[in-house]
Amino acid sequence: MKTVSSMKEPLEELEFALHRVLIHVILICDVLFASRIYQAIGLFLQPLILGSCAAIIIFYCAYTAIRGHILIPLMAVGYVALVMTQLTVFADKLWLPVNTNAFFQYIWVMSFVPFAGVCLAGGRTYLLKCVIGYGTGYCCFYALVSIMQMAGVLPGKILAGLVSDLDFRGARIFLYSGLAALTYFYWLVQIRTRVTWVSLSFFLICTLASLLSLSRVYLLVIFCLSIVFMLSPRPAFLRILAISVLGLGTTFVLSGMLVPAFNPFDLFANDASGAYRALEYEVMRDRIFADPLWGFGMSPTSDASKPFLGPYLIFPGDVGSVGVWFEFGLIGLVLYLVILWRCSTPQRSLPTKYGWPLFLTGTMLTAYGAMAPLAIAPGGATMTGLIFGVGLTAHVQQRNHKRRSQPLSGSLRQTISAL
């Protein structure tokens, strides 16, 4: 007759196999969506990708609740309520029906739910290995495709959905910044610990991928963090640095809300990108003044807001915290700043090889958040979810470690010795 323990082992293996499959599904979906690769394959993939992720998130909401971590699904429900409220605010302003399907494009912030669930199941290390693996593969792919695009080898139709050419920098492949940064920092930590041909090669490829993006603010942030890390790897100092950049940048951007005659982006008006941001700032500021609590609400698409905002396409992500206020309202802005504060918290429960890259990515998202909300945009929201998912379950990992490290009691030692 089988014992309870012998019956339990196959069930645990089956459960972990399910977690492994779901990890790969959500990471593949994330890379395809956040990098815009799906647009080169076919737009039919978008509902399939978003629907699959929604189903996985719902499954893990139930899983974490059953495991007794009710706060995790409650946080997810709160986020859903905020987004649906802001979609309703937008619809009411334009006298339109609420487009509930538009919620799915904001779903990536909720990736913390499956990541937390996987960590609770004991798959934290496996999850992080998978993220780094997919990130390294993506950076290799991005560097290769970017070089081929610059050489004119690839047909324009294939790259149409991947190329950005809105300013003087010319055509360039859109970079999934959040994943690229995490992977870059991972290999940076590896070569600082021990230089090998493998670590050095992947570090150079990840560096090349970031450089080929031609994203000036992104490159400046990761370059500064890399220099500070290499010279003096102190988490407290790096966090203070990131939060200081966030505080100063946010104060600068919000100063135009207190002084209506001042537009912070006028200082960059000699640049085509800066001039367009100055225009967007003026439009968004006027709408926030009209409804400070709720802002303008969330537009299902950029085109949908044209009848109310004028002939120009308005991208809230271009103007940092004011854009967040415009879309998410004042409550959303406060939560956004709380998210950035949490992103810059050191991951002390993780081994160094994973803790440092995740922490450096979090500080990058925090510092970058002064000018653009990458932490809640598709280009960085999943990395925010990873940071939160691991952080929310850190106490479980620490408790399990303490249990394993505690000495056996005297009576238990006697029982074992007698067997």
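1. A good place to start is the pair α4 and α5, which run roughly antiparallel to each other because the angle between them, about 175°, is over the 145 degrees that counts as such. This is a predicted model, and in it the axes of α4 (residues 71–94) and α5 (residues 112–120) lie 10 Å apart.

2. Which residues make this contact? From α4 come Ile-72, Met-75 and Ala-76, and α5 supplies Phe-112, Val-113, Ala-116 and Leu-120. Sorted by class, the contact between α4 and α5 has seven nonpolar residues, with no polar and no charged ones.

3. Next, have a look at α3, which covers residues 45–66 and has 22 residues. From first C-alpha to last, α3 reaches 32 Å, close to the 32 Å expected at 1.5 Å a residue. Just after α3 comes Gly-68, with a positive phi of about 95°.

4. The buried residues of α3 are worth picking out on your display: Leu-45, Ile-49, Leu-50, Cys-53, Ala-54, Ile-56, Ile-57, Tyr-60, Cys-61, Tyr-63 and Thr-64. When you view them, keep in mind that an α-helix has 3.6 residues a turn, so residues three or four places apart point the same way.

5. Finally, a word on confidence. The average pLDDT of the chain is 86, and 88% of the residues score at least 70. Residues 1–8 stay under 50, and the model gives them one contact beyond four places in sequence. Residues 403–419 are also below 50, with two contacts in the model beyond near neighbours in sequence. Where pLDDT is low, the predicted coordinates should not be read in detail.

Notes
Residues are numbered from 1 along each chain as its sequence is written. This is a predicted model: local features need pLDDT of at least 70, side-chain atom pairs count only at pLDDT 80 or more; totals for chains, interfaces and linings use all residues. Side-chain values use heavy atoms; hydrogens and water are left out. Helices (H or I, at least four residues) and strands (E, at least two) are DSSP runs, numbered from the N terminus. The expected span of a helix is 1.5 Å times one less than its number of residues. Buried means under 20% relative accessible area, exposed over 50%, partly exposed in between (1.4 Å probe, protein chains only). Axes are lines fitted to C-alpha atoms, for helices over the stretch in contact, and angles run from 0 to 180 degrees between N-to-C directions. Angles under 35 degrees count as roughly parallel, over 145 as roughly antiparallel, 65 to 115 as roughly perpendicular and the rest as oblique. Contact means heavy atoms within 4.5 Å. Ala, Val, Leu, Ile, Met, Phe, Trp, Tyr, Cys and Pro count as nonpolar, Asp, Glu, Lys and Arg as charged, and the others, Gly among them, as polar. pLDDT is the predictor's confidence in each residue, from 0 to 100.
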